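Let's take a walk through a protein and look at the empty spaces inside it. Have the viewer ready and follow along.

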Amino acid sequence: MRKVEELINETDPGWPVVQEWIATAANKVEILALDPEKAKDALYKTQVSTRSPMGAIIYMTGGILIEDGWIRILGSGSPKLNRSLPDWNKGKAFDNFGDAPEFLIVADDILGGSFVLNGGGLGEDVGKIYYFAPDTLSYEALDLSYSEFLAFCFGNDLDSFYRGFRWKDWRTEVSNASGDQAFSFVPFLWTTEGKDIETNSRKLISVEELYQLNLSFREQL
């Protein structure tokens, strides 16, 4: 594994580019404060350069919240999003830091969906983002690179992407949720009965619990 000093690119850093994207964002973007030591630790564990947008976000932010936390882009962790990208992926995408993962979870949403960077385990389109959809329990190819995924979060019409899954007054409920929580719905979103988001009951549970629950349902089905 490369030392963290080797991963910090001072001559051509990616963060100013990400900042430019955020400055012109159509959607609400919140950059979370970071702990410098945790940022160095997360960058080292991920082994990506700060020249890349992913490395820049890990090293320069505690994470990024889109639309009051509807989408949570993982960085180095903060009180509002107490998960770093590498720590969240350990035990899911890889067993040990430094391993070459077949996929990498780079963000998730309040529904329990995950945005996953393909490292070869999801298909031949290595480097592209997939969405693990809680309404189908399947990995759906988005045909986006990580940079294009950021542009999707910052400027895309998220109402269209999440059509049918945004209930009345969702923003108030989502803004009061922790970045370590997601909504569990009954009936489940992947059932026929669970397709009407307005009539479903919902409660916030830990995002870890919901992630494992969805994987369990996927295996059973």
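Start at a small group of residues: W88, D108, G112, G113, S114, V207, L210 and Y211 line the second largest cavity. Keep in mind that you're looking at a predicted model. The space in this second largest cavity comes to about 40 Å³. Who gives the most to its walls? Helix α9 does, with three residues, the largest share of the lining. Sorted by class, that lining holds four nonpolar residues, three polar ones and one charged one.

How many cavities of 30 Å³ or more are there? The count comes to two, and the largest of them holds about 90 Å³ of space. Two elements, β8 (181-186) and α9 (207-220), give two or more residues each to the lining of this largest cavity. From the β8 stretch of the chain, look for F183, S184 and F185 in the lining, and then for F188, L189 and W190 a little further along. L210, L213 and N214 line the largest cavity as well, and L111 and P134 complete the list. If L210 sounds familiar, that's because you should look back: L210 is also in the lining of the second largest cavity. As for class, the largest cavity is lined by nine nonpolar and two polar residues, with no charged ones.

Now turn to the pockets. The largest pocket contains about 280 Å³ of space. It takes 18 residues to line this pocket, and T46, Q47, V48, M54 and L104 are the ones that lie nearest its centre. Three helices, α3 (36-46), α4 (53-60) and α5 (85-89), supply at least two lining residues each. Of the residues in the pocket lining, eleven are nonpolar, five are polar and two are charged.

Stay with α4 for the last stop, and see how this helix sits against another one. Two packed helices are described by the angle between their axes and by the distance between those axes. For α2 (residues 15-23) and α4, the angle is about 90° and the axes lie 8 Å apart. An angle of 65 to 115 degrees counts as roughly perpendicular, so α2 and α4 are roughly perpendicular to each other. Which residues meet there? From α2 come W15, V18 and W21, and they meet P53, A56, I57 and M60 of α4. This contact is made up of seven nonpolar residues, with no polar and no charged ones.

Notes: Residues are numbered from 1 along each chain as its sequence is written. This is a predicted model: local features need pLDDT of at least 70, side-chain atom pairs count only at pLDDT 80 or more; totals for chains, interfaces and linings use all residues. Side-chain values use heavy atoms; hydrogens and water are left out. On a 1 Å grid over the protein atoms alone, a cavity is a set of points where a 1.4 Å probe fits but cannot get out, and a pocket is an open set with protein on both sides within 12 Å along at least five of seven lines; lining residues have an atom within 4 Å of a point. Grid points are joined across faces, edges and corners, and a volume is the space filled by probe spheres set on the points. Helices (H or I, at least four residues) and strands (E, at least two) are DSSP runs, numbered from the N terminus. Ala, Val, Leu, Ile, Met, Phe, Trp, Tyr, Cys and Pro count as nonpolar, Asp, Glu, Lys and Arg as charged, and the others, Gly among them, as polar. Axes are lines fitted to C-alpha atoms, for helices over the stretch in contact, and angles run from 0 to 180 degrees between N-to-C directions. Angles under 35 degrees count as roughly parallel, over 145 as roughly antiparallel, 65 to 115 as roughly perpendicular and the rest as oblique. Contact means heavy atoms within 4.5 Å.
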